[in-house]
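Biologist: I'd like to learn how to read a model like this one, feature by feature. Can we go through it together?

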Amino acid sequence: GTNTGTSLTIPAAGDLIEVSLKAGLAKGSYSGTLTLSSSELDNDVVVALTGSVTGQTYAISVDDDVTGGTIAADLISAEEGAAVTLTATPNAAYTFGSWSVYEDDMTTLVTVTNNQFTMPACEVYVTATFNAKPTYAITCTASPVAGGTVSASPTSAYEGQGITLTCTPNSGYSLSSIAITKTSDGSATDITPVASGNNYTFTMP
């Protein structure tokens, strides 16, 4: 049975004693002792007891199918008022856009500041948007045209993406140089392609 007093008689050997904190206690840590007395013991047995009371926690669900990257929260559940930190990792072709944290009605938004939000008194759903980086076309021209062919892979790229050039001289010609210029105004860049076998590589500016 349940006993909320200060003493309890165990009716039979082998019975289990379960100790729980009193309902209604404020959040915090508690400690006490349990003294076991028996005519078969020379001395009382004193057991130290510790416990804590925590508030109700609410689940934090994170979208695992976000286009353009991955997101995570540092907690899987939290009490009301707890600070939750979010982390976004864009894929190479994307940049982070914005957070959306919804309360359990999937309509009310929770404010996110500097990748953190304060847990409301309900479950939340976390998602995010990532923006695709702009891409720029790569046009290849051989000079003279009769001298051979030049191709790029890929034919358009975002800033920071690796580009591979394939230069194939025709019979009687050899590759003299490679110049990379801006399509917008034809001005020169300071890009120097790096030889890689029969190909050349550079990083898209």
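Modeller: Sure, and let's start with burial: a residue is buried under 20% relative accessible area, exposed over 50%, and partly exposed in between, using a 1.4 Å probe and protein chains only. Before we use that, note that this is a predicted model, where local features need pLDDT of at least 70 and side-chain atom pairs count only at pLDDT 80 or more, while totals for chains, interfaces and linings use all residues. Residues are numbered from 1 along each chain as its sequence is written, and side-chain values use heavy atoms, with hydrogens and water left out.

Biologist: Let me try that on a glycine. Is G147 buried or exposed?

Modeller: G147 is buried, because its relative accessibility is 12%.

Biologist: Where is G147 placed, and which residues does G147 touch?

Modeller: Two ideas first. Strands (E, at least two residues) and helices (H or I, at least four) are DSSP runs, numbered from the N terminus. Contact means heavy atoms within 4.5 Å. Now the case: G147 sits in the loop between β11 (135-137) and β12 (148-153). Leaving out residues up to four places away in sequence, G147 touches T168, P169, N170 and Y173. The C-alpha atoms of G147 and S171 are separated by 8.0 Å, with those positions 24 residues apart along the chain.

Biologist: On to sheets. What makes two strands a pair?

Modeller: Two strands pair if DSSP finds at least two bridges between them. Here, β4, β6 and β9 form an open sheet of three strands in the order β4-β6-β9, with antiparallel pairing. Its edge strands are β4 (69-73) and β9 (116-118), each pairing on one side only.

Biologist: How many bridges join β4 to β6?

Modeller: Five bridges join β4 to β6 (residues 83-90), and the two run antiparallel. If you want a spot to click on, the bridge partner of A72 in β6 is T87. As a general point, side chains in a regular strand alternate between the two faces of the sheet.

Biologist: Which strands pair with β16?

Modeller: Strand β14 (residues 162-169) pairs with β16 (residues 199-203) in the antiparallel sense over five bridges; there, T166 has N199 as its bridge partner. Strand β15 (residues 194-196) is also antiparallel to β16, joined by three bridges, and V194 stands opposite T201. The hairpin of β15 and β16 has two residues between the strands, and G197 takes a positive phi near 70° there.

Biologist: Now rings. How do I sort an aromatic pair?

Modeller: Rings of Phe, Tyr and Trp (its six-membered ring) pair if their centres lie within 6.5 Å; planes under 30 degrees apart count as stacked, over 60 as edge-to-face, and the rest as tilted. That rule gives two aromatic pairs in this model. F96 and W99 make a tilted pair, because their planes are at 50°, with the ring centres 5.1 Å apart. F96 and F130 pair edge-to-face, at 5.7 Å centre to centre and 80° between the planes. That second pair links distant parts of the chain, from F96 in β7 (residues 94-103) to F130 in β10 (residues 124-132), 34 residues apart.

Biologist: How buried are these rings?

Modeller: F96 is partly exposed at 31% relative accessible area, whereas W99 is buried at 14% and F130 is buried at 9%. Ring pairs link F96, W99 and F130 into a cluster.

Biologist: And what counts as a nonpolar core?

Modeller: Take buried Ala, Val, Leu, Ile, Met, Phe, Trp, Tyr and Cys residues, joined through side-chain atoms within 4.5 Å: such a set is a nonpolar core. The largest one here has 16 residues, and F117, M119 and V126 touch the most other members. At least two residues each come from β3 (57-62), β6, β7 and β10, with β10 giving the most, four. Apart from that core lies another, of nine residues, including I138, A157, I163 and M204.

Biologist: Last one: how many disulfides are there?

Modeller: A disulfide is a pair of cysteine sulfur atoms within 2.5 Å, and by that rule the count is zero. Take C140: its sulfur lies 7.8 Å from the closest cysteine sulfur, in C167, so the gap is too far for a bond. C140 is partly exposed at 28% relative accessibility, while C122 is buried at 8%.
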